[in-house]
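Trainee: I would like to go through the labels on this model and see what each one rests on.

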Amino acid sequence: DKTIRTKLCQVGYIGYDAASLIYEGQEFAKKVIPSCIRENALERILWHKQQGDQVVVVSASLSVYLESWCKSLDLDVICNQLEIDNGILTGCFI
């Protein structure tokens, strides 16, 4: 069985230019995600970083935006990866 997310990715991203989507994801990570994160959650993440803890974000979100946000905070991330073939999205997950 395929999930709704999988089906949407197959329809929405198949044949899409990967570089364009990655750029859009990076912009989303800069402009939108910070306003969605609860302040106390971000404070706690930063506290753990200051303690030398490894912080890993685990999400069903897409890597095209979540990886960029996590990288900006030096966080590790486990999330959905879209398959790219010759710079074009296949519509499948890795």
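Mentor: Start with the strands: Val57 stands opposite Val77 in S2. Residues are numbered from 1 along each chain as its sequence is written. This is a predicted model, in which local features need pLDDT of at least 70, side-chain atom pairs count only at pLDDT 80 or more, and totals for chains, interfaces and linings use all residues, while side-chain values use heavy atoms, with hydrogens and water left out.

Trainee: What makes S1 and S2 a strand pair?

Mentor: Strands pair if DSSP finds at least two bridges between them. Strand S1 (residues 56–62) and strand S2 (residues 76–80) run parallel and are joined by four bridges. With helix H5 (residues 63–72), S1 and S2 make a right-handed β-α-β unit; right-handed means that, with the strands pointing away from the viewer, the path from the first strand over the helix to the second runs clockwise.

Trainee: Why is the pair of Phe28 and Tyr65 called edge-to-face?

Mentor: Rings of Phe, Tyr and Trp (its six-membered ring) pair if their centres lie within 6.5 Å; planes under 30 degrees apart count as stacked, over 60 as edge-to-face and the rest as tilted. The centres of Phe28 and Tyr65 are 5.2 Å apart and their planes stand at 70 degrees, so the pair is edge-to-face. Phe28 is in helix H2 (residues 18–31) and Tyr65 in helix H5, 37 residues apart.

Trainee: Why is Glu27 called buried?

Mentor: Buried means under 20% relative accessible area, exposed over 50%, and partly exposed in between (1.4 Å probe, protein chains only). Glu27 has 18%, so Glu27 is buried. Lys30, at 56%, is exposed, and so is Lys31, at 61%.

Trainee: What makes the contact of Glu27 with Lys30 a salt bridge?

Mentor: A salt bridge is a side-chain nitrogen of Lys or Arg within 4 Å of a carboxyl oxygen of Asp or Glu. The closest N and O atoms of Glu27 and Lys30 are 3.1 Å apart, which satisfies the rule. Glu27 also forms a salt bridge with Lys31, at 3.1 Å from N to O. Glu27, Lys30 and Lys31 are thus linked in a network.

Trainee: How do you know that Lys49 forms a salt bridge with Asp74?

Mentor: Their closest N and O atoms are 3.5 Å apart, and the limit is the one already given. Lys49 lies in helix H4 and Asp74 in the loop between H5 and S2, so the pair ties together parts that are 25 residues apart in sequence.

Note on methods: Helices (H or I, at least four residues) and strands (E, at least two) are DSSP runs, numbered from the N terminus.
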